[in-house]
Amino acid sequence: MKAREIMTPSPKTCLANDSAEDVARIMRDNDCGSVPIVDETSGKVVGIVTDRDLAIRGLAEGKGAGTKVGELMTSSPNSCRADDDLRDVEQVMVDYQVRRVPIVDANGLCVGIVAQADIARATQGRNQISEREVAVVVERISEPKRVPFERLSESGLEQAL
């Protein structure tokens, strides 16, 4: 299965100069949890902002509704192409611990977005995959990366604690 088969096509996008309030309204009006941020000139994806970013990087840090989303976004998000296999999209989610991946064309323009829930629905709907296997996919994407204890230096251990 290819990303294009399950992606949300043509998602709403914003510019880095748009406000957190503008992005929150887009999320509300479009029932989505993330918005790709594009360059004003080229239209290429330069970031992504999630509802969690608005809460953690915005509100929790005392930033207001007028804060430019460029201050809250994750820059240079990992993306995939529409013809990429769904397993590749899932691997990006697992490797980078993200729940949404922008889908871009050859020019870096956003043509879609794939969310963790899209993958779960797609794999479950194929009848070849059990609910347990879907749960494993969701768990792999959601599980935080942990640094093995033996790899922590003494100062690293102190920082980790």
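Q: Which element gives the most to the lining of the largest pocket?
A: In this predicted model, helix α3 gives the most to that lining, with five residues.

Q: Which elements supply at least two residues each?
A: They are β4 (45–50), α3 (51–58) and β7.

Q: What volume does the largest pocket have?
A: Its volume is about 450 Å³. Of the 16 residues that line the largest pocket, Thr50, Asp53, Gln97, Val98 and Arg99 are the closest to its centre.

Q: Gln97 is in that list. Where does Gln97 stand relative to α4, and what is the sign of its phi?
A: Gln97 follows α4, and its phi is positive, near 50°.

Q: What caps the other end of α4, the N-terminal one?
A: Asp85 does so: one of its side-chain oxygens lies 2.8 Å from the backbone nitrogen of Arg87.

Q: Which residues of α4 are buried?
A: Helix α4 covers residues 86–96, and Leu86, Val89, Glu90, Val92, Met93 and Val94 are buried in it.

Q: On to the strands. In what order do β1, β6, β7 and β8 come in their sheet?
A: The order is β1-β8-β7-β6, in an open sheet with mixed pairing. The edge strands, each pairing on one side only, are β1 (8–9) and β6 (80–81).

Q: Which strands of this sheet does α4 touch?
A: Helix α4 packs on the sheet and touches β6, β7 and β8 (110–115). The direction of α4 makes about 130° with that of β7.

Q: How do β6 and β7 run, parallel or antiparallel?
A: They run parallel, and two bridges join β6 to β7 (residues 100–104). One pair of bridge partners is Arg81 and, in β7, Val104.

Q: What about β4, in which sheet order does that strand appear?
A: Strand β4 belongs to an open sheet of four strands in the order β2-β3-β4-β5, where the pairing is mixed. Its edge strands are β2 (14–15) and β5 (74–75), and each pairs on one side only.

Q: How many bridges join β3 to β4?
A: Five bridges join β3 (residues 34–38) to β4, and the two strands run antiparallel. Ile37, for example, has Gly47 in β4 as its bridge partner.

Q: Which helix packs on this sheet and touches β2, β3 and β4?
A: That is α2 (residues 20–30), whose direction makes about 130° with that of β3.

Q: Back to α3: which strands does this helix lie across?
A: Helix α3 lies across β4 and β5, running at about 80° to β4. Both α3 and β4 also supply at least two residues each to the lining of the largest pocket.

Notes: Residues are numbered from 1 along each chain as its sequence is written. This is a predicted model: local features need pLDDT of at least 70, side-chain atom pairs count only at pLDDT 80 or more; totals for chains, interfaces and linings use all residues. Side-chain values use heavy atoms; hydrogens and water are left out. Buried means under 20% relative accessible area, exposed over 50%, partly exposed in between (1.4 Å probe, protein chains only). A polar contact is a pair of N or O atoms within 3.5 Å; within protein, one must be able to donate a hydrogen and the other to accept it, and residues adjacent in sequence count only if both atoms are side-chain atoms. Two strands pair if DSSP finds at least two bridges between them. Contact means heavy atoms within 4.5 Å. Axes are lines fitted to C-alpha atoms, for helices over the stretch in contact, and angles run from 0 to 180 degrees between N-to-C directions. On a 1 Å grid over the protein atoms alone, a cavity is a set of points where a 1.4 Å probe fits but cannot get out, and a pocket is an open set with protein on both sides within 12 Å along at least five of seven lines; lining residues have an atom within 4 Å of a point. Grid points are joined across faces, edges and corners, and a volume is the space filled by probe spheres set on the points.
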